[in-house]
Amino acid sequence: TGIYYVYSEQKLEGIWGYYVNKGATAYQESNFKEAEKQFAIAGSVKPADTTAWLYAGIAAQQANDSIMALKHYYRLLDLNYK
């Protein structure tokens with residue numbers, strides 16, 4: 001792997017963290033719909049990581065959006081989350 005690969009991985013990690021933090025802030029403010037949106041963006045940055053998808057599902061559930069919650073939870077099942 002080259003240096004550009006390392007830099008791109010670091011940048012993606014930073015972007016992922018940015019959106020997870022935005023989601024956490026929205027969640028703490030009880031803005032669950034916005035939290036779900038931000039966690040889903042984080043999930044799209046790192047599709048194989050289960051953390052953002054789990055948080056997105058919980059936030060959608062708190063927002064009473066069962067369809068989105070199920071979408072995120074099914075994503076976890078696709079990733080073999082236990």
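Modeller: Helices here are DSSP runs of H or I with at least four residues, numbered from the N terminus. Glu13 lies in one of them, helix H1. The model is a predicted one.

Biologist: Why is Glu13 called partly exposed?

Modeller: Partly exposed is the class between under 20% and over 50% relative accessible area. Glu13 has 39%, so Glu13 falls in that class.

Biologist: What makes Glu13 and Lys46 a salt bridge?

Modeller: The cut-off is 4 Å between a side-chain nitrogen of Lys or Arg and a carboxyl oxygen of Asp or Glu. The N to O distance for Glu13 and Lys46 is 3.1 Å, so the pair qualifies. This pair links distant parts of the chain, with Glu13 in helix H1 and Lys46 in the loop between H2 and H3, 33 residues apart. Lys46 is partly exposed, at 22% relative accessibility.

Biologist: Why is Asp49 said to have no salt bridge?

Modeller: The nearest side chain of opposite charge is Lys46, 4.1 Å away. A salt bridge has to be within 4 Å, so Asp49 and Lys46 do not form one. Asp49 is buried all the same, and lies in the loop between H2 and H3.

Biologist: What does the side chain of Asp49 have within reach of a polar atom?

Modeller: The backbone nitrogen of Thr51 lies 3.1 Å from a polar atom of that side chain. Leaving aside neighbours within four places in sequence, Asp49 is in contact with Trp16 and Leu79.

Biologist: How do you know that the length of helix H2 agrees with its residue count?

Modeller: Helix H2 has 14 residues, 32-45, and at 1.5 Å a residue should span 20 Å. The end C-alpha atoms are 20 Å apart, so the two values agree.

Biologist: Why is Glu36 called buried and Lys33 partly exposed?

Modeller: Buried means under 20%, and Glu36 is at 5%, so Glu36 is buried. Lys33 is at 43%, between the two cut-offs, and therefore counts as partly exposed. Glu36 is one of the buried residues of H2, which pack against helices H1, H3 and H4.

Biologist: What makes Lys33, Glu36 and Asp65 one network?

Modeller: Lys33 forms a salt bridge with Glu36 at 3.8 Å, N to O. Glu36 and Lys33 are 3 residues apart in helix H2, about one helical turn. Lys33 also forms a salt bridge with Asp65, at 2.7 Å. Asp65 is in the loop between H3 and H4, 32 residues from Lys33. Salt bridges that share partners join Lys33, Glu36 and Asp65 into the network.

Conventions: Residues numbered from 1 in each chain as written. Predicted model: local features only at pLDDT ≥ 70, side-chain atom pairs only at ≥ 80, totals over all residues. Heavy atoms only, no water. Helix = DSSP H or I, 4+ residues; strand = E, 2+ residues; numbered from the N terminus. Expected span 1.5 Å × (residues − 1). Buried < 20%, exposed > 50% of the residue type's maximum accessible area, 1.4 Å probe, protein only. Contact = heavy atoms within 4.5 Å. Lys, Arg positive; Asp, Glu negative; His and termini not counted. Polar contact = N/O pair within 3.5 Å; in protein donor to acceptor, adjacent residues only side chain to side chain.
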